[in-house]
Amino acid sequence: VKARVAAISQQATDRANVLQTALVQAQGLQQGLDSLLTWIEAAEKRLDGMKGISLSQEGLSDQRQDVELVKSDIESHRPSVDALAASAADLAADPKVTAGVQDKLDALRDRFSKVAQRCKQRDDDLAEVADKLASFEEQSKSFEAWLIPTIQVLDSKDTSSLDAPMFQAKVQEIRGEAKEKGKELEELVGLGKSLIQDPRTAETEGLRVKISECERNWSDFGDVLGERELQASQRQQQATRYHQVLGDVTRWLDEHEDVLDKLEAVAIDIEVIEKQIEEIEPLMANFEEFEPTMDEVTVLGNSYDALQRGVEETSSPVRRKTRRVLGRSVTPTSPSRAMPPPAAAAVLSPSSESSGVSSKRSSSENILALDDLSEVQKQLVGVNQRYEMVGARLGDRKKELESTLGGVKAYLEDLQELLAWLEEKEAEAQGGEGEGMPVEAEAAKELLARHRDFHRQLGAKGDTMSQLKKKAHALMKDREHVPGLK
């Protein structure tokens with residue numbers, strides 16, 4: 001098909017040449033000369049209007065087609081120029097052929113030669129740039145065909161899960177390949193920049209983007225490879241430090257849980273309660289001071305776990321600083337803060353009692369959730385939950401102490417008020433026993449009114465006694481063996 005198209009094209013060109021020559025001969029010398037000068041001017045303008053060589057394949061293809069059309073047009077007019085020159089030579093002895101016509105003919109031939117040369121140069125330039133651009137694209141495809149899969153290998157879980165010797169061997173193998181590919185990238189970038197800096201070229205943005213993309217991918221590859229080269233030693237360093245801090249955290253939790261377990265039940269004696277509040281204050285301060293250590297063990301654990309599993313650190317369900325357990329915040333509960341929301345039961349369901357004794361319940365759902373975690377994540381979940389539980393128990397303990405202290409004080413105030421009233425009325429009663437009964441009506445009425453008022457007060461104090469009894473029962477509820485009143 002290609003051969004047939006070329007043959008038809010040649011036939012069309014030959015036919016055009018014959019017709020063009022016949023037209024010039026039919027027009028006569030002067031008219032033919034004017035016609036060719038008009039054409040040569042149009043051809044020059046067309047060449048002048050051609051833009052810089054495009055560095056996009058689509059634009060370059062259009063430009064090559066355009067120059068081919070100009071080239072065919074020039075070749076189709078060449079026989080006409082030659083025929084006109086031959087006619088002028090035949091008529092040279094004719095005095096009618098003026099020197100002006102000869103000058104025009106010389107100018108035509110000179111301009112035609114220059115147009116043909118410019119067209120050829122344009123065609124050669126386009127071919128040269130096209131070859132270089134094709135070479136650049138071929139090299140870039142080859143480079144990316146190695147680079148992108150290699151980055152994926154370095155980032156893969158399979159590679160990260162290799163044991164230390166095989167992991168190190170794989171990284172060294174890639175490092176050796178990278179040395180050769182680095183040289184290829186230098187050649188690729190050099191070729192691309194030479195095309196961009198070539199004064200003949202235009203529409204360079206696409207090539208600039210491609211070069212930047214290759215350089216950026218190479219930079220990303222270097223970062224990943226550098227990380228993997230350090231990973232083996234980092235694993236051991238992280239493991240050592242993590243287990244040291246984890247041991248400190250576990251001992252701290254054991255000690256404070258033991259202290260909380262041994263706390264006596266909240267008393268109902270003011271002095272004892274105040275002493276119990278004094279005892280809890282240092283524990284609360286110690287809890288707050290220990291939070292940076294919990295942050296440290298979380299950060300170390302996440303980092304160590306990420307290295308072990310070959311994933312980004314941010315993918316860990318236990319987050320640094322704001323520790324996360326299965327999607328919820330487990331920032332240590334301050335003793336002054338409220339208990340965590342019900343969602344906290346996603347891993348462990350803590351509960352606390354006023355006596356300071358706690359229990360940790362689990363379910364099959366919780367076990368399944370924990371089974372989805374890595375060993376390090378389970379450790380972090382465990383210590384964070386225990387630390388949160390300590391904070392919740394301390395907060396509940398102080399809240400109950402303060403509430404009970406306020407209740408005891410209110411009870412004693414009401415009791416003292418009632419006792420003072422009783423003493424006052426007992427004194428009045430004893431003072432009135434020595435007095436005789438009044439003989440006058442007015443005195444009798446006054447005494448009777450006072451007696452009735454006393455009975456009203458006594459009835460009201462009966463209600464006070466009932467309320468006081470309820471307060472006493474509430475304070476002593478579940479506290480039969482605690483220090484205080486009964």
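This report walks through some charged residues and the helices that carry them.

Keep in mind that the model is predicted.

**Salt bridges**

Let's start with the pairs of opposite charge. The structure holds 26 salt bridges, and the table shows a few of them.

| Acidic residue | Basic residue | N to O distance |
|---|---|---|
| Asp198 | Arg200 | 2.8 Å |
| Asp258 | Lys262 | 3.2 Å |
| Glu281 | Lys398 | 3.3 Å |

Take Asp198 and Arg200, whose closest N and O atoms are 2.8 Å apart. Asp198 has a relative accessibility of 14%, so it counts as buried, the cut-off for that being under 20%. Its partner Arg200 comes out at 25% and is therefore partly exposed.

Next come Asp258 and Lys262, a pair that sits within a single helix: both belong to helix 7, which covers residues 205-262. They are 4 residues apart, or about one turn of the helix, and their side chains meet in a salt bridge at 3.2 Å. Asp258 is partly exposed, with a relative accessible area of 35%. Lys262, at 63% relative accessibility, counts as exposed, since anything over 50% does.

Then there's Glu281, which pairs up with Lys398 at 3.3 Å, N to O. Glu281 is in helix 8 and Lys398 is in helix 11 (residues 375-432), so this salt bridge ties together parts that lie 117 residues apart in sequence. At 34% relative accessibility, Glu281 is partly exposed.

Some salt bridges also share partners. Asp125, Glu128, Lys132, Asp198 and Arg200 are linked into one network this way.

**A look at helix 8**

Helix 8, the home of Glu281, runs over residues 270-289. Does its length fit, or is it off? With 20 residues at 1.5 Å each, helix 8 should span 28 Å, and its end C-alpha atoms are 29 Å apart, so the two values agree.

Part of this helix is tucked away from the surface. Ile273, Gln276, Ile277, Ile280, Leu283, Met284 and Phe287 are the buried residues to look for in helix 8.

Glu278 is also found in helix 8, but this residue is exposed, because its relative accessibility is 59%. So the neighbours Ile277 and Glu278 make a handy pair to look at: Ile277 is buried, whereas Glu278 is exposed.

**A negative patch**

Glu278 has company on the surface, too. Together with Glu264, Glu271, Glu274 and Glu279, Glu278 forms a patch of negative charge there.

Methods: Residues numbered from 1 in each chain as written. Predicted model: local features only at pLDDT ≥ 70, side-chain atom pairs only at ≥ 80, totals over all residues. Heavy atoms only, no water. Patch = residues over 30% accessible without salt bridge, like charges linked within 9 Å, V, L, I, M, F, W, Y side chains within 5 Å. Areas by Shrake-Rupley, 256 points an atom, 1.4 Å probe, with all protein chains shown as cover. Salt bridge = Lys/Arg side-chain N within 4 Å of Asp/Glu carboxyl O. Lys, Arg positive; Asp, Glu negative; His and termini not counted. Charge placed at Lys NZ, Arg CZ, Asp CG, Glu CD. Helix = DSSP H or I, 4+ residues; strand = E, 2+ residues; numbered from the N terminus. Buried < 20%, exposed > 50% of the residue type's maximum accessible area, 1.4 Å probe, protein only. Expected span 1.5 Å × (residues − 1).
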